[in-house]
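Q: I would like to go through this model with you. Could we begin with how its elements are named?

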Amino acid sequence: MKSHTTLIKTSVLAAALIAASAGAQAEQRPVQSRLFLGTNSLDSDWGVHDEQGVFGVITDIKANNWPVAIAADVFGAGNEHKRGGNKSEAYVASAHLGLRLKCDDQSSWLRPYVGAGIALAEAETKPNTDNDGGIGYWVGIGADIPLGERLSIGADLRYWDVDVEVSNAALEASSLNAGGSQFGLTLGYSW
């Protein structure tokens, strides 16, 4: 687990450094960050934990002369289930790194995008605490609707796949996919 957590932290730090260097070189706003609020429908049989609420930040880093943006997205998902006096929990933290092709037509009211890359994930279950991490992939589409020069609203839909080994009495299996179909609404800010 420690090596995967270190890899996720290092990836987020690298994305921040790239954003800072792009900002120094670009004439326009090279970074757009979007708050994400949605759901994750897990692929494997997580039992009562198949549907999880997700909160995250989607970030695009793109200098004017770059044909695509660097995607640096982080998400936290989870849920709790109580049955009688028993409570079980499942949580998934992930970082999605890759490239995103965005429509940069400033006159358009809708700016779609597509993206893909690697996904890093950590999964944890309780009460019998077990955790594991893994590396996989993600692909996604979305769109932004500008609300002025800096603000936007939008939606993001993606599929991601990362295998993990966790066990818990509430789960149907121990070899699970920490990813799945993820959908959410976004509120963006360009800086």
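A: Strands are DSSP runs of at least two residues, numbered from the N terminus. In that scheme, Leu 35 lies in strand E1. Please bear in mind that this is a predicted model.

Q: Is Leu 35 buried, partly exposed or exposed?

A: Leu 35 is partly exposed, because its relative accessible area is 44%, and partly exposed covers values between the 20% limit for buried and the 50% limit for exposed.

Q: Which residues make the nonpolar surface patch?

A: Leu 35, Leu 37, Phe 55, Leu 147, Leu 151, Ile 153, Leu 187, Tyr 189 and Trp 191 make a nonpolar surface patch of about 910 Å².

Q: And which strands each supply at least two residues of that patch?

A: Strands E1 (31–42), E7 (151–161) and E10 (180–190) each do so.

Q: How do E7 and E10 pair?

A: They are antiparallel, with nine bridges between them. Across that pairing, Ile 153 stands opposite Leu 187 in E10. Both Ile 153 and Leu 187 belong to the nonpolar patch.

Q: What do the strands form overall?

A: Eight strands form a closed barrel in the order E1-E2-E3-E4-E5-E6-E7-E10, with antiparallel pairing. From one strand to the next, the twist averages 25°.

Q: How many bridges join E1 to E2?

A: There are 11, and the two strands run antiparallel. Gly 38 has Val 54 in E2 opposite it. Further round, E2 pairs with strand E3 (residues 69–83) in the antiparallel sense over nine bridges, and Val 57 has Val 74 in E3 as its bridge partner.

Q: Turning to the interior, which residues have the most contacts inside the largest nonpolar core?

A: Trp 46, Trp 160 and Val 164 have the most contacts inside this core, which has 15 residues. Strands E4 (86–102) and E5 (111–126) each supply at least two of its residues, and E5 gives the most, with three. Another core, of five residues, lies apart from it and includes Phe 36, Val 54, Phe 75 and Ala 77. As background, nonpolar side chains tend to be buried together in soluble globular proteins.

Q: One last topic: where is Asp 50 found?

A: Asp 50 is in the loop between E1 and strand E2 (51–61). Asp 50 counts as partly exposed because its relative accessible area is 24%, and buried would require a value under 20%.

Q: What separates the C-alpha atoms of Asp 50 and Gly 78?

A: A distance of 9.4 Å separates them, and the two residues are 28 residues apart along the chain.

Methods: Residues numbered from 1 in each chain as written. Predicted model: local features only at pLDDT ≥ 70, side-chain atom pairs only at ≥ 80, totals over all residues. Heavy atoms only, no water. Patch = residues over 30% accessible without salt bridge, like charges linked within 9 Å, V, L, I, M, F, W, Y side chains within 5 Å. Areas by Shrake-Rupley, 256 points an atom, 1.4 Å probe, with all protein chains shown as cover. Salt bridge = Lys/Arg side-chain N within 4 Å of Asp/Glu carboxyl O. Helix = DSSP H or I, 4+ residues; strand = E, 2+ residues; numbered from the N terminus. Buried < 20%, exposed > 50% of the residue type's maximum accessible area, 1.4 Å probe, protein only. Pairing = 2+ DSSP bridges. Axes fitted to C-alpha atoms, helices over the stretch in contact; angles between N-to-C directions. Core = buried A, V, L, I, M, F, W, Y, C linked by side-chain atoms within 4.5 Å.
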